[in-house]
Amino acid sequence: MNLPNRLTTIRLFFVPLLVVVYLIPYEQFNIVVPTYELLSTHLTIIDIISFLLFFLASITDYLDGYLARKNNQVTTFGKFMDPIADKLIVNTALLLLVSSNAISIIVPIIMIGRDTIVDAIRMVSVTKNKVLAASYLGKAKTMLQMIAISVLLLNNVIFDYFNIPMGSILIVIATIVSVISGVDYFIKNKDYILESM
């Protein structure tokens, strides 16, 4: 297994690790979770570890693609697993944030719905021997998601001091871009999708 594929596989392992760290009922096990204050924002060690796990997973997302292209190590495994690993870590983090009431359930519903539609469009395009490259809007959506989730996992640290709900603002922007990129995919490929109607 080459390095890019190893990084993709590592990202998959971050998913259950993030869930366990975030959801363990520490109080029920009489575990005292240290809390820190930074510019009027309370951060627990769990917040910090969750952020680090997500941040490291996000870094591997960039690195595996970059290294695969640079070293000509693009593989079928990588093409298959990379988008799955991306969606798993992002959607898992979104659902964890819903569980702690940091965001509305509407956000992951829209984003997961968009991803499902885009994946279906890609499957149709493959049957027509057309490969859909990731669009700039799709890349912007992923970048915004990862930044927004990072800010939210850190309880809007720094921005709270200035009364700016930056995490909420970014996640709304990411949701809007997600919808726009989904519509963009559909419009660009509507001829393949609607040809048998």
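Here is a short chat about a predicted model and its second largest pocket.

Biologist: Let's start with the basics: what makes up the secondary structure of the protein?

Modeller: There are seven helices and two strands. Going from the N terminus, the order is α-β-β-α-α-α-α-α-α. The C-alpha trace spans about 60 × 40 × 30 Å along its principal axes.

Biologist: Why do 41% of the residues count as buried?

Modeller: Buried means under 20% relative accessible area, so 41% of the 197 residues fall under that cut-off. As for what the protein does expose, that comes to about 11,500 Å², with carbon and sulfur atoms supplying 70% of it.

Biologist: Which residues line the second largest pocket, and how do you know that they do?

Modeller: A lining residue has an atom within 4 Å of a pocket point. The lining has 13 residues, and Y22, I24, P25, Y26 and I46 lie nearest the centre of the pocket. Both α1 (3-23) and α2 (45-70) supply at least two lining residues each. The space inside is about 260 Å³.

Biologist: What makes Y22 and Y26 nonpolar here?

Modeller: It's the grouping: Tyr is counted with the nonpolar residues, as are Ile and Pro, so Y22, I24, P25, Y26 and I46 are nonpolar. The lining as a whole has eight nonpolar, three polar and two charged residues.

Biologist: And what share of the contacts join residues at least 24 apart in sequence?

Modeller: Taking contacts between residues at least 6 apart, 74% join residues at least 24 apart. A contact here means heavy atoms within 4.5 Å.

Definitions and conventions. Residues are numbered from 1 along each chain as its sequence is written. This is a predicted model: local features need pLDDT of at least 70, side-chain atom pairs count only at pLDDT 80 or more; totals for chains, interfaces and linings use all residues. Side-chain values use heavy atoms; hydrogens and water are left out. On a 1 Å grid over the protein atoms alone, a cavity is a set of points where a 1.4 Å probe fits but cannot get out, and a pocket is an open set with protein on both sides within 12 Å along at least five of seven lines; lining residues have an atom within 4 Å of a point. Grid points are joined across faces, edges and corners, and a volume is the space filled by probe spheres set on the points. Helices (H or I, at least four residues) and strands (E, at least two) are DSSP runs, numbered from the N terminus. Buried means under 20% relative accessible area, exposed over 50%, partly exposed in between (1.4 Å probe, protein chains only). Accessible areas come from the Shrake-Rupley method with a 1.4 Å probe; for residues, only the protein chains shown count as cover.
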